[in-house]
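Hi,

Here is the model I promised to pass on. Have a look at it first, and my notes follow below.

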Amino acid sequence: SYPAGVTAFAQMGDAYRAGDAAPFNAALNRYRSELETVVPEAFSRVRYELQFNRVEPFYKSMILYVLAFLLAVFSWIARPRFLQRTAFSILVLAFIVHTLGLISRIILQGRPPVTNLYSSAVFVGWGAVLIGLVLERLNRKGVGSVAASVIGFITLIIAHHLGSQGDTMEMMQAVLDSNFWLATHVVTITIGYSATFFAGFLAALYLIRRAWGST
């Protein structure tokens, strides 16, 4: 006799070829019950990943970054105190959602935050937003909020398009397929990218404001 899971899987194949939905669903339920018994940890992770995909934390972060950007820019035109505070609060909320998404990926993969190009874009944006929050906290002029929201949005857009090419949970190969190097070398280098992005954007913003006769 075959294991229950193998039998249920074969019955699913037979029902699929026959185009019969009821037997297929019944076999699928038996197969799922067998998997929950044999590998409960994996099934728990699958449910967590399903919930993660339904919540879409990075998509929600992008929306919040756009809103924070608009409010910060409008604060240079009217009601600077109120709009800058509101923009900063929304930016903090976006950063929290961004962070929860990053932590969820770490839990799902069992790896440090940067494992491939997709996750590097997500992490670079996260680091840049953190720098922007610190800058805005120290110098409340809206510059930190604008820089953070723009970089956060752009990097998540890049990650979105990178993710459309395939599995976003895949691992890099060779030496990078090691938690030690991913948690030290790769994360350190990626933090440097965050600082570079942020510094470059500040320089561009300074030149734009100077061209408009504002410093």
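To start with a helix: what should the 18 residues of H4 span at 1.5 Å a residue, and how far apart are its end C-alpha atoms? The expected span is 26 Å and the end C-alpha atoms are 26 Å apart, so the two agree. The expected span here is 1.5 Å times one less than the number of residues, and helices are DSSP runs (H or I, at least four residues), numbered from the N terminus.

Before the rest, some ground rules. This is a predicted model, with local features needing pLDDT of at least 70 and side-chain atom pairs counting only at pLDDT 80 or more, while totals for chains, interfaces and linings use all residues. Residues are numbered from 1 along each chain as its sequence is written, and side-chain values use heavy atoms, with hydrogens and water left out.

Back to H4. Its buried residues (buried means under 20% relative accessible area, exposed over 50%, partly exposed in between, with a 1.4 Å probe and protein chains only) are Pro57, Phe58, Ser61, Met62, Leu64, Tyr65, Ala68, Leu71 and Ala72. They pack against H3, H5, H6 and H7, where contact means heavy atoms within 4.5 Å.

There is something on the surface here too. Val66, Phe69, Leu70, Phe74, Trp76 and Ile77 make a nonpolar surface patch of about 540 Å². For patches, residues need over 30% relative accessible area and no salt bridge; like charges are joined within 9 Å, and nonpolar side chains (Val, Leu, Ile, Met, Phe, Trp, Tyr) within 5 Å. The areas come from the Shrake-Rupley method with a 1.4 Å probe, and for residues only the protein chains shown count as cover. Of the patch members, Phe74 lies in helix H4 and is partly exposed, at 46% relative accessibility.

Now the loops on either side of H4. Glu56 sits in the loop between helix H3 (40-55) and helix H4 (57-74). Although not a glycine, Glu56 has a positive phi of about 55 degrees, and it is partly exposed with a relative accessible area of 41%. H3, which Glu56 directly follows, has 16 residues and reaches 23 Å from its first C-alpha to its last, close to the 22 Å expected at 1.5 Å a residue. Arg79 is in the loop between H4 and helix H5 (80-109). Arg79 also isn't a glycine, yet has a positive phi of about 45 degrees; with a relative accessible area of 57%, Arg79 is exposed.

Next, H1 (residues 4-18). Its 15 residues should span 21 Å at 1.5 Å a residue, and the end C-alpha atoms are 21 Å apart, which agrees. The buried residues in H1 are Gly5, Ala8, Met12 and Ala15. Seen down the helix axis, the buried residues of H1 fall within an arc of 85 degrees, so they line one face of the helix; that arc is taken from the directions from the helix axis to the C-beta atoms. What covers them includes helix H2 (21-38). On the other side of H1, Arg17 and Ala18 are exposed. After H1 comes Gly19, with a positive phi near 70 degrees.

How many salt bridges does the structure hold? Just one, where a salt bridge is a side-chain nitrogen of Lys or Arg within 4 Å of a carboxyl oxygen of Asp or Glu. The side chains of Arg17 and Asp14 form it, at 2.5 Å, N to O. Being three residues apart in helix H1, Arg17 and Asp14 are separated by about one helical turn. Arg17 is exposed at 65% relative accessibility, whereas Asp14 is partly exposed, with a relative accessible area of 45%.

Leu28 is in helix H2 and counts as partly exposed at 35% relative accessibility. Leu28 and Phe9 are 19 residues apart along the chain, with their C-alpha atoms separated by 7.3 Å. For another pair, Arg137 and Thr155 are 18 residues apart in sequence and 22 Å apart in space, C-alpha to C-alpha. Arg137 is in helix H6 (residues 117-138) and is exposed, at 53% relative accessibility.

Last one: Ser145, in helix H7 (residues 143-163). At 1% relative accessibility, Ser145 counts as buried. Leaving aside neighbours within four places in sequence, Ser145 is in contact with Ala72, Phe88, Leu91 and Glu136.

Cheers

Methods: Helix = DSSP H or I, 4+ residues; strand = E, 2+ residues; numbered from the N terminus.
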